[in-house]
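Student: I'd like to go through the aromatic contacts here and check how the labels are earned. Can we start as soon as the structure is up?

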Amino acid sequence: MSEANKASKANQPAGGFPLLLAEQVSFGYLHKPQESDLTAAPVIHNFSLSAAAGDFIAVVGPSGCGKTTLLKLLGGFLHPDEGRVLWRGEPLGSPDPSRVMVFQEFDQLFPWKRVWANVEFSLKHSLKHSFEQGQRQVHSQRVAEMLQQVGLYEARRQFPYQLSGGMKQRTALARALVCRPDMLLMDEPFGSLDAQKREELQWLLLRMWQQHRFAALFVTHDISEALFLADRIVVLPRPGSAEHTEIAVDLPRPRERSAPEFREYYRRIYGLL
């Protein structure tokens with residue numbers, strides 16, 4: 001058994017259910033080639049995945065293969081045409097604070113709110129009752145601690161237009177993690193950054209994952225990024241091709257991108273694409 005699978009098995013809840021389970025999920029978007037004909041264009045076909053607490057799973061694949069669609073299905077933003085998605089053994093419902101999504105776009109922040117208020121908004125929304133019960137001081141401490149962890153406490157009074165791209169993504173990450181979700185879903189969150197900022201945020205994400213032990217589902221088109229971050233990599237095929245492949249990454253951390261073993265995994269995944 002691989003180290004990644006050992007960790008996944010060890011993190012299973014006492015009841016035996018994985019945190020997230022997708023079973024033979026298929027999904028297609030409706031399109032209308034003729035006025036009288038509605039058909040579903042297949043995007044995801046017969047997809048299965050099990051994720052436990054603390055798992056770090058990356059999803060890679062060519063453009064148009066359905067990576068973002070898959071993430072929305074696993075987050076509850078879309079519902080499958082066939083198969084099922086379970087959350088802690090129960091049918092997955094609508095999105096909730098236990099599963100938080102971080103996007104690639106820099107405009108995911110509220111432009112009229114300062115950094116502090118952007119991060120605090122997530123906490124207010126997910127813990128509204130406790131805010132009403134007068135625990136604002138406790139929540140403020142959580143916001144401050146999270147901003148310190150992502151290196152943005154000194155920028156807490158700035159507006160998004162005053163931030164660099166990397167700082168905006170740090171803010172988005174802080175906003176996602178301040179409510180302590182069980183799973184973080186990320187749709188190419190570093191894809192618009194330059195190489196240096198991208199690597200800095202990869203290291204930051206790993207530190208946050210190791211500290212908070214949330215499950216992570218990370219969509220990327222960058223094989224090197226997937227190998228650096230994840231312990232399991234799901235390779236999606238082109239539409240109409242064979243089914244997806246899942247690869248366990250048995251590499252010690254921290255990972256060296258120039259290591260022969262790293263390059264061998266890269267060649268293997270590249271060959272699948």
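Tutor: Sure: F56, F190, W209 and F218 form one aromatic cluster. This is a predicted model, where local features need pLDDT of at least 70, side-chain atom pairs count only at pLDDT 80 or more, and totals for chains, interfaces and linings use all residues. Residues are numbered from 1 along each chain as its sequence is written, and side-chain values use heavy atoms, with hydrogens and water left out.

Student: Why is the F56 and W209 pair called edge-to-face?

Tutor: Rings of Phe, Tyr and Trp (its six-membered ring) pair if their centres lie within 6.5 Å; planes under 30 degrees apart are stacked, over 60 edge-to-face, the rest tilted. F56 and W209 are 5.3 Å apart centre to centre with 85 degrees between the planes, so edge-to-face fits.

Student: What makes this pair a tie between parts apart in sequence?

Tutor: F56 lies in strand β3 (residues 56-60) and W209 in helix α7 (residues 195-212), so the pair ties together parts 153 residues apart in sequence. Helices (H or I, at least four residues) and strands (E, at least two) are DSSP runs, numbered from the N terminus.

Student: How do you know that F228 counts as buried?

Tutor: Buried means under 20% relative accessible area, exposed over 50%, partly exposed in between (1.4 Å probe, protein chains only). F228 has 2% relative accessibility, so it is buried.

Student: And why is W203 called partly exposed?

Tutor: W203 has a relative accessible area of 34%, so it falls in between those two cut-offs.
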